[in-house]
Amino acid sequence: MEKEQVKKELAELISEVMPELGEIDLKKDIVSEYGINSVSIIRLIVSVENKFGVSFTDYELDLGAYRTFEQLADVVVKKLDEE
């Protein structure tokens, strides 16, 4: 799957899982701009795993692993490419 398609689908998924965020910019800092915390990133990653059919390691569940949603999209693309 191409990165642009992953980004589009990720943005839609974020809107479903976290509708309170409103319109999001994948390049903005997820903590300072959107107030994402450890629980919300795990909730999102579980949804990402289900939607894209990929698995994240325990380390990859850490909020500190992502500064932006675009970085999360990069990880998804990499995981899809590895399969």
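Which helix is the place of lysine 51? Lysine 51 sits in helix α2, and the legends below start from there.

This is a predicted model, where local features need pLDDT of at least 70, side-chain atom pairs count only at pLDDT 80 or more, and totals for chains, interfaces and linings use all residues. Residues are numbered from 1 along each chain as its sequence is written, and side-chain values use heavy atoms, with hydrogens and water left out.

**View 1. Lysine 51 of helix α2 touches Glu9 and Leu13.** Helices here are DSSP runs of H or I with at least four residues, numbered from the N terminus. Contact means heavy atoms within 4.5 Å, and residues up to four places away in sequence are not counted for lysine 51. Lysine 51 and glutamate 9 are 42 residues apart in sequence, yet their C-alpha atoms are 9.0 Å apart in space. At 40% relative accessibility, lysine 51 counts as partly exposed; the scale is buried under 20% relative accessible area, exposed over 50%, and partly exposed in between, with a 1.4 Å probe and protein chains only.

**View 2. Helix α2 keeps its buried residues on the same side.** Ser40, Ile41, Leu44, Ile45, Ser47, Val48 and Phe52 are the buried ones. They cover an arc of only 160° around the axis, which puts them on the same side of α2; the arc is that of the directions from the helix axis to the C-beta atoms. That buried set packs against α1 and α3, while the face turned away from it carries the exposed residues Val39 and Asn50. As for length, the 15 residues of α2 should span 21 Å at 1.5 Å a residue, and the end C-alpha atoms are indeed 21 Å apart. The expected span is 1.5 Å times one less than the number of residues.

**View 3. The two ends of α2.** At the start, a side-chain oxygen of asparagine 37 comes to within 3.1 Å of the backbone nitrogen of valine 39. Just after the helix, glycine 53 takes a positive phi of about 70°.

**View 4. Helix α1 packs its buried residues against α2 and α3.** The buried residues in α1 are Val6, Lys7, Glu9, Leu10, Leu13, Ile14 and Val17. With 15 residues, α1 reaches 20 Å from its first C-alpha to its last, close to the 21 Å expected. Lysine 7 is one to look at: it counts as buried, at 14% relative accessibility. Leaving aside neighbours within four places in sequence, lysine 7 is in contact with Leu26, Glu70 and Ala73. Glutamate 12, also found in α1, is partly exposed at 37%.

**View 5. Tyrosine 34 and phenylalanine 69 form a tilted aromatic pair.** The structure holds 1 such pair, with the ring centres 5.8 Å apart and 35° between the planes. Rings of Phe, Tyr and Trp (its six-membered ring) pair if their centres lie within 6.5 Å; planes under 30 degrees apart count as stacked, over 60 as edge-to-face and the rest as tilted. Tyrosine 34 lies in the loop between α1 (3–17) and α2 (38–52) and phenylalanine 69 in helix α3 (residues 69–82), so the pair ties together parts 35 residues apart in sequence. Both tyrosine 34 and phenylalanine 69 are buried.

**View 6. Lysine 79 lies over the face of phenylalanine 56.** The distance from the ring centre is 5.1 Å. A charge sits over a ring if NZ of Lys or CZ of Arg is within 6 Å of the ring centre and within 35 degrees of the ring normal.

Terms used
A polar contact is a pair of N or O atoms within 3.5 Å; within protein, one must be able to donate a hydrogen and the other to accept it, and residues adjacent in sequence count only if both atoms are side-chain atoms.
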